[in-house]
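Let's take a walk through this fold, starting with its strands and ending at a single side chain. Have the structure open as you read.

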Amino acid sequence: MEEDIRIYVEEAPGQRREIIAPTDMGLSLMEVLKASGYDIMATCGGMALCATCHVEVLAGPALFEPNDDELDMLETLPVIHPGSRLSCQIRLTPQTDGLVVRLAPTGA
Ligand code: FES
């Protein structure tokens with residue numbers, strides 16, 4: 001469908017899985033990753049309160065800047081990367097087509 005976009009998840013170095021995701025349902029990246037079988041706890045249900053949906057954005061389109069709630073939560077993590085984001089705060093739109101992410105290890 002025209003509204004579908006492609007997201008890529010790097011599962012191992014050089015190994016990316018393509019996920020087709022709709023953009024007309026207001027889904028977050030976290031919801032799509034969970035629905036695709038990834039083990040993301042998302043304890044807070046997408047409220048930017050738990051950081052268990054931490055991902056690292058590796059490549060793709062420029063995203064909007066994280067808001068203060070997201071930044072505050074990211075700062076609680078033991079390890080963050082320049083591309084660290086909370087996947088529950090990334091809303092999938094046609095502008096996020098081609099995003100490449102890696103799931104952070106549990107607890108990181
Ligand atoms: S699901 Fe809790 S911070 Fe994203």
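**From the sheet to one serine**

Start with strand β1 (residues 5-12) and strand β5 (residues 99-103), which pair in the parallel sense over 3 bridges. Strands here are DSSP runs of E with at least two residues, numbered from the N terminus, and two of them pair if DSSP finds at least two bridges between them. Within this pairing, V9 stands opposite V101 in β5.

A word on the source: this is a predicted model, where local features need pLDDT of at least 70, side-chain atom pairs count only at pLDDT 80 or more, and totals for chains, interfaces and linings use all residues. Residues are numbered from 1 along each chain as its sequence is written, and side-chain values use heavy atoms, with hydrogens and water left out.

Now zoom out. The open sheet has 5 strands, running β2-β1-β5-β3-β4, with mixed pairing. β2 (15-21) and β4 (84-86) are the edge strands with a single partner each, so one side of each has no neighbour in the sheet.

Strand β4 is worth a stop, as S84 lies in it. Is S84 buried or exposed? At 7% relative accessibility it counts as buried, because the cut-off for that is under 20% relative accessible area (1.4 Å probe, protein chains only). Its contacts (heavy atoms within 4.5 Å), leaving out residues up to four places away in sequence, are H54, V55, E56 and L74. With H54, the side chain of S84 makes a side-chain polar contact of 2.8 Å, that is, a pair of N or O atoms within 3.5 Å, one able to donate a hydrogen and the other to accept it, where residues adjacent in sequence count only if both atoms are side-chain atoms. The S84 side chain also reaches the backbone nitrogen of H81 at 2.7 Å.

Technical notes
Helices (H or I, at least four residues) and strands (E, at least two) are DSSP runs, numbered from the N terminus. Buried means under 20% relative accessible area, exposed over 50%, partly exposed in between (1.4 Å probe, protein chains only).
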